[in-house]
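Me: I am new to this structure and would like a close look at a single part of it. Please take me through the nonpolar patch on its surface and what lies around it.

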Amino acid sequence: MAAATLRTDDDVETRLADLGRREAFVRPRGEQEWPDHTVTTSFAFEHDLYREVLSERIGPSRAAALHLAIGERLERTFGDDA
């Protein structure tokens, strides 16, 4: 999400962790280490409805831009294994 929102990894993780502690929208799913040695907490939506509503509210062009930014970040991280 940090790559898609132009925020720092720490900022995004802090905001999501706060939501997770309040059991609002997301829940933590444990730590994850990426091939580039980035260590972060993985999060999931509490319910599919939250994801669906968010997706509907951002619109298709914004969603495409977010997916592109996330895909580019994954490609940089995973390289040939992407």
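Reply: Helix 3, residues 48-58, gives the most to the nonpolar patch, with 3 residues; helices (H or I, at least four residues) and strands (E, at least two) are DSSP runs, numbered from the N terminus. This is a predicted model, in which local features need pLDDT of at least 70 and side-chain atom pairs count only at pLDDT 80 or more, while totals for chains, interfaces and linings use all residues. Residues are numbered from 1 along each chain as its sequence is written, and side-chain values use heavy atoms, with hydrogens and water left out.

The patch covers about 420 Å² and is made by F25, F45, Y50, L54 and I58. Such patches are made of residues with over 30% relative accessible area and no salt bridge (a side-chain nitrogen of Lys or Arg within 4 Å of a carboxyl oxygen of Asp or Glu); like charges are joined within 9 Å, and nonpolar side chains (Val, Leu, Ile, Met, Phe, Trp, Tyr) within 5 Å. Accessible areas come from the Shrake-Rupley method with a 1.4 Å probe, and for residues only the protein chains shown count as cover.

Among the patch residues, F25 is found in the loop between helix 2 (9-21) and strand 1 (26-33). F25 counts as partly exposed because its relative accessibility is 43%, where buried means under 20%, exposed over 50%, and partly exposed in between. The phi of F25 is near 80°, a positive value in a residue other than glycine.

Strand 1 runs antiparallel to strand 2 (residues 39-45), and 6 bridges join them; two strands pair if DSSP finds at least two bridges between them. One such bridge links R27 to A44 in strand 2.

Note on methods
Buried < 20%, exposed > 50% of the residue type's maximum accessible area, 1.4 Å probe, protein only.
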